[in-house]
Every structure is written in structure tokens, then in C-alpha cells.
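I opened this notebook page to record what I looked up in the structure. The entries are kept brief and follow the order in which I worked.

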Amino acid sequence: MSNEQVVDVVVVGAGICGSLLATRLARAGRSVLLLESGPRKGRGELVQNYRESAFKSDYMAPYPYSEMAPHPRFSPAPNDYLEQAGPHAYQAQYIRMLGGTSWHWAAQMWRYVPNDFRTHSLYGVGVDWPIGYDDLEEYYYQVEVITGVGGEPDNGSPRSRPFPMERVPASYLQQRVTERLAPEYRVIDDSTARNSRSYGGRPACCGNNNCMPICPIDAQYHGGLAAQEAEAEGVEIVTEAVVYRLEHDSQGRISAVHYYDWDKTSHKVTAQTVVLAANAIETPKLLLMSTSDTFAGGIANARDNVGRNLCDHPAISVSFDVDEPVWPGRGPVSPCSIGDFRDGDFRAEYAPFRLDISNGSKVESVTKELLAEGYHGRALDEQVRYRAARRLALKNAMEQLPDPDNRVTLSDQRDALGLPTPRMYWNVGEYERRGTQVTREHYDLIAEMLGATNIKHSKEGAFSNRQHITGTLSMGNDPDTSVTDQWGRAHDHENLFMVGTGVMPTVGTCNVTLTAAALALRTADRILEETQHG
Amino acid sequence: MATLSRRRVIQLAGGFALTGVAGRWLTLPEAWAEPVGAPADELSDFLEISRKLTQRDELDEHLAGALVLASTLALEGFGERLARLKALFDQRPALLERSPLAFGDDFTDQETTARQVLGGWYTGVVGSGEQAIYVTYLNALANRLVADKLVPPSFSYGPCGSWRHAP
């Protein structure tokens, strides 16, 4: 194989966004090369890995790991791939593998609410997007059709057409919680790319209750399927291809992409258009690594904005035992939520949020809890059943305002290929802390309404991240405060585009994949429009 | 003390999944390549202790064998610690009447061993961190305990929507 290749478009990163974009470009006749740093693995192998894993609660554990394309790893011991430099550890869980991180997700495909795009204008906080809800509505729907999304239509996000998928029937747990919390709280079906009937050549959900870390039957959409479709459309995919440098010409156009294979042989790709889709941490890393005399701080970083404004959903959780058996573990793991606090004038004062209700099996966690408490014999058996039947867990998805100090930079460490690893700084501000306090009050009220005992809140003052990594490649109209324009194009590099959650300037109160994928298709159409005579 | 023969180890582990050692998959042939130094009566002791801790007369002997093998690999000095625990139970059977387990400051090692034995049976995993070994999933007692209501995650519950009804 030649070490030099010429294509119309090279896409870096074969996750759901890069793959959907690549498919659209290939379908329009472009020659597309899709580079993926990680390996190619099949679903069967991943399921087997899960079932034989000693660390079943670690969603990363079933996925392949290589020092050649490292990612954060937590079992059997943390690999500290992400150097933590801030007051709160940012424990991202992303997968470097063909298909990317949406291999392990709950297929949550939420639209933002319209006001999420204008928080600065409406509430005086955060930033406004350079586009609005109406600019994305058509693309939201396109992705919903590709991935097969269903859910509650009346969820704050207006729709011009119905969901393409009928909702997955509510579990007994969801029905009971919905009934008992009404009318104070409105529990609704989540928007998910989960089949309730055969769709896209995939079967309906049959309640394996293992959406995370891996659906064994592909009843939910994921990036592996998107990559498969890209390949079927003629996209050339090269795995184990670690891009390490972007080269530019005198006009600032990206003239070449350089990657190492896992033997550290270097390869060069030239393309009319370059698209970075390597996630909201790895893409900034690549940009910061690509320094030159002209761009001493890295590509797209002339104003020191790359990697800044890292946002996620800083979360707190609660678990308790309901006063009746509801048996979590039947049906999808994350089927419903409370969306009453996603928008309103209060956003001027404190962070909005959504409350996710877990339906994941609690057998393993309550068993470990009881063993730690010293239970044995028949009492242990009785308590496993008692708690596994009643344990309910909630977690919030709370909007974090963009803060330039929260950022991805390069650490002093090097991986096996000699490339720098990411350094994270993540803090949580007063706005989010006030939202946290309100969340906590609702947790207590919900627990009371469900007759809860054994109530356990997450540690006071601690926040977990929800793996909704946004902001590090923020789009905006002003190059002084953003990295990309409304199309995901780097302000200073005409033929360089970025897709993925990093281009989203705010994180809203929902899972971010649908918005990122919609933006990716919008970017694809823009590329096609600009290059149709090229 | 006699050691478990290779044939006996194969017999013990037969029917159970391979032992995955933290971060890599350790095949049984790889495990068997090393001499197994477990005492011949270790399985018998393990079963006796397990019956007391679980208050179950019926425990799967094949799974017990696999748990002994895994514990020997994952837990330092497991054989000796198991013997000390057995001796304690023989001398002070009333300890098992306490719930939760609390053997007192003089017997913390034995209490740890007791919890490890229980952990193997109920979770199907022995050891922790780098030393963790997966032994079984479907046959873990915790999964069997709820088998009339749930299937272990990753296995099919039933047709779409079959979870609507009270279990």
C-alpha cells in the first residue's frame, strides 16, 4: 500500500458523526477516506467480553484497548490516560474503536429545547449559538429516521413530523413511578434510537437490559452501524490509523493529514476537504499537536480557543428502596425521565436539569452492597431479593455554562507512539451548584413520594460527568470567542471542518448525540454545496 | 498434603467459563500449565465452609471447584487462610449466628476470607483489581436468586413489551 493517498474528503474519526457525514458525502459521489485510530471489532466478541468480564459495572471493560491508540481505562486499574489538573476529575469514557463511543450508550437521542440555543439573549447566561432550533429541525428528523428514534412527542422540543419509531412499551417500574409521582412530576418516555419493531434490518428490543455497555442484538442504533453503512456506501475505512499532524499551505488550507499505523509507519493523505470527527477531547488534542511557524499554538488555535469551554452535565445522584417491588432490570436500562426543569426564567438564576430514572438491573450492585455490610446465609438471600426489587436510582443532566478555564490541553506524558496525552481541567461553578441544590430538594421529595428507605445521596460537593463532552470546538460568529463557524468550519482554515459534540457551544439538559449528528449532516450538506463544482 | 491432580483440576473447572484475569483472558490451559498446589481436601473444606456461610446444603460442586481454583490463583495464601477459617468455625460455631458477620478484632483475617468465599458464590468473581478472576455469570447465586423475576443483563427477557406487566 502506498504511503500517500489522494481523496476528495478525509474524515478523521469513525464514530457516529464522522460515519454519518462520510456516508452522505460518499452517496453524493465524493471519494471519502475514513481514518479510525482504533481497531475493528464485532458485536459478538464484545458481548462475550462483557459476559466474561470481572468488571461488569465498568462500561469500558468489554472494549478493546491498545497502547497504540489509548483511551481512558478504569479496570482493573485506572490508566490515567487523562491527566487531571482541575478541582474535579473529568473521567471521560470514550472508546477509540471503529464506531466510537456510542457502542456503549443508552441510545438517548434528544433534541434540545428551542431556548437552549439562546440562553444569553433570554436569560443572560451562557452563550447564544450562531444557529437556532429551526435551522436544525430538518436535520434532527433526518437523523431520527436513520437511527429509528421514538419517544414522548410532548417533551418541549417541537416536531414538524412524528417520531419515525413507535415508543418502546413502558416497564412496570416506569408505570408505577409515573403513577405515584403524578401530578407533581411528569415522567415521560425518553427519546431513544431503540427499536420497538424491526427497523433497519435490526430486531425489536427484547429487554436484554444491557444497553450499556453493549446491546447484544443491535436493537439500538450505534456508531458501529453507522460505520458499516459508510463502508457499504463506498467509503474507504482504515482502522488503526492514528492521525498525528495536520499540515497547511501558505493560505492556511489543510494540505495534508499524516497518520501512523500501529507499526508507526507514517502515511500521508491529501484531500480537498478535511473533516475532524475524533471526539471533543481527541480532536482538540490533534489540533494542539499540529503546530507550525505560522500557527505556533496549533491549527485553528490562533486565538487560543481550542479545547476551552469544556462543558458536560455535572451530575449528582440518589438511590433508595421504594416501598413496593418494582423490579428494575426489565426492559431498557434508561427508559424515562422528568423534564419539568429544562427551561424557564429560573435559568437566569440557576442551572436547568433533567432527571433520569434508571431501570438497569440492581442485582449486582445490591449484592456487593450487602456483602460489604456483612450479610450471609438466608438473610443475605432475602435482602438481595428485597433490595433488587425496590432499588431506584436517579441522576440529573444539568446544564453547565461554558467557562474558558475548563479545558483540554496537552500533558507532558507521551503514549506508545510518542504522542502527547490530554490534560483536563474541570471545575463546577456557582450557577451549577445552585442547580444542584434544587436537584437535591427534588430528590428528597421524590424519595418521600415513593416511600423510600435506605436513601443514599452521592457525596456532597462531588460531581460526576455524564460523558456529554461539549464546547471544546465551539461554533460561533466571533472568531475571538469560538473555534468554528456555524458550519463547523475552522475560522482560519477554509477547508477544515469539525463535527461531533465538541462544536456545540452549550450542553443543554439532554444527551448530546442527536444534536451533534444533526450538525454533522448539516456540515456534510455544506461541504457538498461548496464543492459541487470542485 | 496431596495436591490436586491435573485431571482433578480439569474436572473441577469443567463446565465453567475460562478464568479471565484482570485485563487479559487467561485460558484454562494456561492456568493448568502451572502446578496447582491446593491441598487435596481443600474442596471439601471449601464446600463445608460455603454451606455454613450460605446456609445452603445444595451447592454446585463443579462451581465450587472452579471457585477454589480461582481463589488459589487470585488470593494470596488462600489454602492456609481457608484452613484457619475452618478451624475457627469448628471452635466457635456460634460466630455464624451473628448477622452481619462480625468475628472480632482477633479474627479479621478469617472474616475477610469468609467474605471472599461468599463474594465468589454470589457474584461469580474472585479477587479484585489486577487479581480479579471471572468464574461464572449465570450461575452466580445472586443471579439465580432472582431468576424467577429477572434474566442476567445481556440475556433476552422476552418479546418487546413483555416487561409491561408486574413480574
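The entries below cover the nonpolar cores, one sheet, two buried polar residues and the contact between the chains.

**Entry 1: status of the model.** I note at the outset that this is a predicted model.

**Entry 2: nonpolar cores.** I looked up the largest nonpolar core and found that 87 residues belong to it. Within this core, Leu287(A) and Met498(A) have the most contacts. I then asked which element provides the largest share of this core. It is helix α11 of chain A, residues 513-530, with 10 residues. I also recorded a second, separate core of 46 residues, which includes Leu380(A) as well as Phe89(B), Trp121(B) and Val146(B).

I listed the neighbours of Leu287(A), setting aside residues up to four places away in sequence. Leu287(A) touches Leu246(A), Leu276(A), Gly298(A), Ile299(A), Ala300(A), Val306(A), Leu473(A), Leu496(A) and Met498(A).

**Entry 3: a sheet in chain A.** I traced an open sheet of 3 strands in chain A, with the order β3-β14-β13 and mixed pairing. Its edge strands are β3 (83-84) and β13 (407-414) of chain A, each of which pairs on one side only. I checked the pairing of β3(A) with β14(A), residues 420-425, and found it to be parallel, over 2 bridges. In this pairing I located Gln84(A) opposite Met424(A) of β14(A).

**Entry 4: Asn396(A).** I found Asn396(A) in strand β12 of chain A, residues 391-398. Is Asn396(A) buried or exposed? Asn396(A) counts as buried because its relative accessible area is 0%, the cut-off for burial being under 20%. I then looked for a polar partner: the side chain of Asn396(A) reaches the backbone nitrogen of Ile316(A) at 2.9 Å. Ile316(A) also appears among the residues that Asn396(A) touches beyond four places in sequence, together with Pro314(A), Ala315(A), Phe353(A), Arg354(A), Leu355(A), Thr439(A), Tyr443(A) and Arg466(A).

**Entry 5: the contact between chain A and chain B.** I counted the participants as given for each side: 50 residues from chain A and 47 residues from chain B. The two chains bury about 4,000 Å² between them, and 62% of this area lies on carbon and sulfur atoms. I noted that Glu52(A), Arg330(A) and His376(A) supply 18% of the area that chain A buries against chain B, more than any other three residues.

I next turned to the polar side of this interface. The count is 22 residue pairs in polar contact between chain A and chain B. I asked which elements give two or more residues to the side of chain A that touches chain B. They are α2 (43-51), α5 (172-181), α8 (363-373) and α9 (377-390) of chain A. Of the elements on that side, α9(A) gives the most, with 7 residues. I also recorded 2 salt bridges across the interface. Asp381(A) and Arg56(B) meet through their side chains in a salt bridge, at 3.0 Å from N to O.

**Entry 6: Ser50(B).** I placed Ser50(B) in helix α3 of chain B, residues 42-54. Ser50(B) has 0% relative accessibility and therefore counts as buried. Its side chain makes a polar contact with the side chain of Trp121(B) at 2.8 Å. I noted that Trp121(B) is also one of the residues included in the second core. Apart from neighbours within four places in sequence, Ser50(B) is in contact with Gln55(B), Leu59(B), Val117(B) and Trp121(B).

Terms used
Residues are numbered from 1 along each chain as its sequence is written. Chains are lettered from A and ligands numbered from 1 in the order in which they are written. This is a predicted model: local features need pLDDT of at least 70, side-chain atom pairs count only at pLDDT 80 or more; totals for chains, interfaces and linings use all residues. Side-chain values use heavy atoms; hydrogens and water are left out. A nonpolar core is a set of buried Ala, Val, Leu, Ile, Met, Phe, Trp, Tyr and Cys residues joined through side-chain atoms within 4.5 Å. Buried means under 20% relative accessible area, exposed over 50%, partly exposed in between (1.4 Å probe, protein chains only). Helices (H or I, at least four residues) and strands (E, at least two) are DSSP runs, numbered from the N terminus. Contact means heavy atoms within 4.5 Å. Two strands pair if DSSP finds at least two bridges between them. A polar contact is a pair of N or O atoms within 3.5 Å; within protein, one must be able to donate a hydrogen and the other to accept it, and residues adjacent in sequence count only if both atoms are side-chain atoms. Buried area is the accessible area (1.4 Å probe) that two parts lose on being put together, summed over both. A salt bridge is a side-chain nitrogen of Lys or Arg within 4 Å of a carboxyl oxygen of Asp or Glu.
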